[in-house]
Amino acid sequence: MDVVALGELLIDFTENGVSRQGNPLFEANPGGAPCNVLAMLSRLGHKTGFIGKVGNDFFGKQLEDAITEVGIDVTGLLKDDKVHTTLAMVHTYPDGDRDFSFYRSPGADMMLSEEELPEEMIREAKVFHFGTLSMTHPGVRAATRKAIKIAKEAGAVISFDPNIREPLWESMEDARKQVLYGLGQCDILKISDNEIQWLTGENDYTDGVGRIREKYNIPLILVSMGKEGSRAYYKDQIVEVKPFIQANTIETTGAGDTFCGCVLHYICEYGLMQLKEENLYEMLTYANAAASIITTRKGALRVMPSSEEIEQLIASRG
């Protein structure tokens with residue numbers, strides 16, 4: 001395996017017009033940040049595997065079919081007979097930003113246990129990726145921590161995207177504790193602009209990264225800044241790349257995951273230890289372009305851009 005990810009796999013109900021009666025219509029898109037990342041990597045030719053749990057229900061079968069279709073190994077996908085697949089209602093604002101309402105009390109993704117981990121799959125991974133939605137509750141939190149321990153012992157690169165969803169936490173203090181745990185484990189951190197401000201209390205992203213680096217030795221930190229582009233902090237280097245703004249952007253769901261998948265693609269190709277300024281610029285440009293393309297499509301997992309599409313967009317900038 002090039003990349004194995006653990007976490008949530010769920011249905012994103014995204015707005016898709018109104019009915020004749022004036023009621024909002026929703027489309028059931030396969031989603032979940034870890035699988036979005038893997039879908040981008042699979043699209044770029046990498047061997048990927050997912051570890052997580054869905055319900056043994058209609059939506060669980062839809063999700064299994066969807067990630068199989070895009071080339072993600074489902075050996076680590078389990079089905080729960082008692083708890084239904086997690087659902088999220090996604091409200092999209094005029095500027096493409098989103099608000100989430102989750103149906104997860106409980107949801108099947110919370111039910112993964114330590115004993116159910118496919119340990120051999122984890123040991124074979126070059127990169128292990130995780131977020132915080134698999135750390136909101138004790139059982140799945142223990143499974144996540146055990147998986148990280150196995151991956152680290154096997155020498156994998158550890159990738160972490162906090163991907164905070166406030167409604168899913170009992171308190172934001174609990175969320176902070178789990179994020180800090182993740183910072184202590186990872187080699188690659190992908191964090192959004194609002195997350196770094198929340199976590200560090202710093203409005204300036206570079207000051208925020210400095211606060212993180214005071215305590216944690218993370219080789220590569222990436223800050224996604226939405227319409228401002230992205231930055232990479234690596235050793236003493238800071239590289240910033242402007243975004244590719246699309247006139248036909250419809251929603252931003254999956255943009256950060258697409259970005260993260262492209263970063264891990266670059267690390268799989270070139271490694272993490274000897275990155276120069278030009279490498280970081282190339283990596284961010286590619287990731288920004290892919291993220292831009294996904295904002296023009298509904299539902300990220302099934303519609304990830306090809307390398308040809310990404311390179312064409314980059315070439316169009318001149």
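**Entry 1. Nonpolar cores**

I began with the largest nonpolar core of this predicted model. It holds 56 residues, and I noted that L9, L220 and L222 touch the most other members. I then looked up which element supplies the largest share of this core, and found that it is α9, with 10 residues. I also recorded a second, separate core of 41 residues, which includes F160, A175, L183 and I221.

I next listed the surroundings of L9, leaving aside its neighbours within four places in sequence. L9 is in contact with G31, C35, F50, K53, V54, L63, I67, L77, T85 and L301. Two of these partners, C35 and K53, come up again in the entries below.

**Entry 2. Helix α1**

I looked up whether helix α1, residues 33-43, is mostly covered or mostly open. It is mostly covered, with 10 of its 11 residues buried. The buried residues are A33, P34, C35, N36, V37, L38, A39, M40, L41 and S42. C35 of this list is the residue already noted as a contact of L9. Just after α1, I found G45 with a positive phi of about 95°.

**Entry 3. K53**

I turned to K53, which I located in strand β4, residues 48-55. I asked whether K53 is buried or exposed. Its relative accessible area is 6%, and because the cut-off for buried is under 20%, K53 counts as buried.

I then examined the polar partners of this side chain. The side chain of K53 makes a polar contact with the side chain of E116, at 2.9 Å. A polar atom of the K53 side chain also lies 3.5 Å from the backbone oxygen of M111. With neighbours within four places in sequence left aside, I recorded contacts of K53 with L9, L77, L78, K79, D80, A108, D109, M111, L112 and E116.

**Entry 4. D80**

As D80 is among the contacts of K53, I looked it up next. D80 is found in strand β5, residues 72-80. At 12% relative accessibility, D80 is buried.

I asked which backbone nitrogens lie by the side chain of D80. A polar atom of this side chain is 2.8 Å from the backbone nitrogen of K82, and the side chain reaches the backbone nitrogen of V83 at 2.9 Å. Not counting residues up to four places away in sequence, D80 touches K53, V54, G55, N56, A108 and M111. I noted that A108 and M111 appear in this list and also among the contacts of K53.

**Entry 5. N163**

I located N163 in the loop between β9 (157-160) and α5 (172-183). N163 counts as buried, at 12% relative accessibility. Its phi is positive, about 45°, although N163 is not a glycine.

Outside the four nearest places in sequence, N163 is in contact with E8, A33, T132, L133 and E195. A33 is one of the buried residues of α1. I also checked N163 against I221: the two are 58 residues apart in sequence and 14 Å apart in space, C-alpha to C-alpha. I221 is included in the second core.

**Entry 6. Other backbone features**

I looked up the peptide bond from S105 to P106 and found it cis, with omega near 0°. P106 is in the loop between β7 (98-103) and α3 (119-123). I also noted K235, which has a positive phi of about 55° without being a glycine. K235 lies in the loop between β12 (230-234) and β13 (237-241).

**Entry 7. Helices α8 and α9**

I closed with the packing of α8 (residues 255-270) on α9 (residues 277-294). Their axes come within 8 Å and cross at roughly 145°, and the crossing is right-handed. From α8, the contact is made by A255, T258, F259, C262, V263, H265 and Y266. From α9, the contributors are N279, E282, M283, L284, Y286, A287, N288, A290, A291 and I294. I then asked how many residues of each class take part in this contact. There are 12 nonpolar, four polar and one charged. I cross-referred this entry to the first, as α9 gives the largest share of the largest core.

Key: Residues are numbered from 1 along each chain as its sequence is written. This is a predicted model: local features need pLDDT of at least 70, side-chain atom pairs count only at pLDDT 80 or more; totals for chains, interfaces and linings use all residues. Side-chain values use heavy atoms; hydrogens and water are left out. Axes are lines fitted to C-alpha atoms, for helices over the stretch in contact, and angles run from 0 to 180 degrees between N-to-C directions. Helices (H or I, at least four residues) and strands (E, at least two) are DSSP runs, numbered from the N terminus. A crossing is left-handed if the near helix is turned anticlockwise from the far one by less than a right angle, and right-handed if clockwise. Contact means heavy atoms within 4.5 Å. Ala, Val, Leu, Ile, Met, Phe, Trp, Tyr, Cys and Pro count as nonpolar, Asp, Glu, Lys and Arg as charged, and the others, Gly among them, as polar. A nonpolar core is a set of buried Ala, Val, Leu, Ile, Met, Phe, Trp, Tyr and Cys residues joined through side-chain atoms within 4.5 Å. Buried means under 20% relative accessible area, exposed over 50%, partly exposed in between (1.4 Å probe, protein chains only). A polar contact is a pair of N or O atoms within 3.5 Å; within protein, one must be able to donate a hydrogen and the other to accept it, and residues adjacent in sequence count only if both atoms are side-chain atoms.
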